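Trainee: Could you help me learn how to read a protein model, one feature at a time?
Mentor: Gladly! Let us put it on the screen and begin with the strands.

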Amino acid sequence: MSLFTPLPFTPLPFTPLPGTVARRRIYLLRHGHVAYYDAAGRPLNPKLAELTERGRAEARAAGALLAGVPLDRVVCSGLPRTRQTAELVVEGRGLAVEEDPAFLEIRTGRMAGVPKERREAEYIYGFEGADAEGACFAGGDAFAAVRDRVVAGIERLALEPGWTHLALVAHDGVNRVVLSWACGAGLCALAAFEQDYGCVNILDVDVDMDVAGGRIRRRLIRAVNVTPGDPAKAGIHETSMEVAFGPLLKMP
């Protein structure tokens, strides 16, 4: 009688990365550059923001970077700027761009509700206190609620069958949540993960399908905030928050 009883084996619903047992890869991108203000400096509706010519170039650069990656799926948040970026990234591949609202961007409140003297703290440094109990982003969405939504979404994607390489095109705040989840630090790390326009992050996940519903065993960060068009960041000096919200500080 053998003293060794082999563990039950559940066939994987995907092909693992070469040389691994049950690993798959997520390419997490931020959308390309958009115009959040009109020519007069007035804020535009961010839900309707579309890629500028610069943003389209950034998306094409990301696509060129990933040209040799055999992507199986591409997912975006559904907002125009992420769909347009995703379509350019996978142009010519014949992949349908999926939409998943779990990855919609965190929203601020109305600017009228933030006193002028508090704008810099609430907008430019808004992610600094994300882990405080009850913290909201500039009077808008609660950080904890956004974290719960995004983490549920990324964990669901990580366990879905049928893919080895997946591209997810999302937003600055959303990507920060995913990276904070991946490193295990939670919301206190949100401010540290800078996400420039058109950047690429690379995450690996090891999964275990021998339990009901599957589970994520390990999360690995391979690359963060890679900007294919300017890898040395020679032309990138402001933070993403300064770029997005700096003009608000000058408004009456």
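Trainee: In which sense do strand E1 and strand E4 pair?
Mentor: Generally, strands of a sheet pair through backbone hydrogen bonds, either parallel or antiparallel. Here E1 (residues 23-30) and E4 (residues 165-170) pair in the parallel sense over six bridges. Within this pairing, Leu28 has Leu168 in E4 as its bridge partner. Strands (E, at least two residues) and helices (H or I, at least four) are DSSP runs numbered from the N terminus, and two strands pair if DSSP finds at least two bridges between them. A word on the source: this is a predicted model, where local features need pLDDT of at least 70, side-chain atom pairs count only at pLDDT 80 or more, and totals for chains, interfaces and linings use all residues. Residues are numbered from 1 along each chain as its sequence is written, and side-chain values use heavy atoms, leaving out hydrogens and water.

Trainee: In what order do the strands of the sheet run?
Mentor: The order is E3-E2-E4-E1-E5-E6, six strands in an open sheet with mixed pairing. At the edges are E3 (97-99) and E6 (215-226), each pairing on one side only. On average, neighbouring strands are turned by 25° against each other, direction ignored.

Trainee: How many bridges join E5 and E6?
Mentor: Eight bridges, in the antiparallel sense. Asp208 stands opposite Arg215 in E6. The two strands form a hairpin with six residues between them, and Gly213 in the turn has a positive phi of about 80°.

Trainee: Which strands does helix H5 lie across?
Mentor: H5 (residues 172-183) lies across E1, E4, E5 (200-208) and E6, and runs at about 130° to E6. Axes are lines fitted to C-alpha atoms, for helices over the stretch in contact, and angles run from 0 to 180 degrees between N-to-C directions.

Trainee: How do I describe two packed helices?
Mentor: Two packed helices are described by the angle between their axes and the distance between the axes. H4 (residues 143-159) and H5 pack at about 65°, with axes 10 Å apart. They are therefore roughly perpendicular (under 35 degrees is roughly parallel, over 145 roughly antiparallel, 65 to 115 roughly perpendicular, the rest oblique). Arg147, Val150, Val151, Ile154 and Glu155 in H4 meet Val174, Val177, Val178 and Trp181 in H5, where contact means heavy atoms within 4.5 Å.

Trainee: At what angle do H1 and H2 cross?
Mentor: The axes of H1 (residues 53-65) and H2 (residues 80-89) cross at roughly 40° and come within 8 Å. That makes H1 oblique to H2. In this contact, Arg56, Ala59, Arg60, Ala62 and Gly63 of H1 meet Thr85, Leu88 and Val89 of H2.

Trainee: How many aromatic pairs are found in the whole structure?
Mentor: Five. Rings of Phe, Tyr and Trp (its six-membered ring) pair if their centres lie within 6.5 Å; planes under 30 degrees apart are stacked, over 60 edge-to-face, and the rest tilted. Tyr123 and Phe245 form a tilted pair, 5.2 Å centre to centre with 35° between the planes. Tyr123 lies in H3 (residues 119-124) and Phe245 in H6 (residues 240-245), so the pair ties together parts that are 122 residues apart in sequence.
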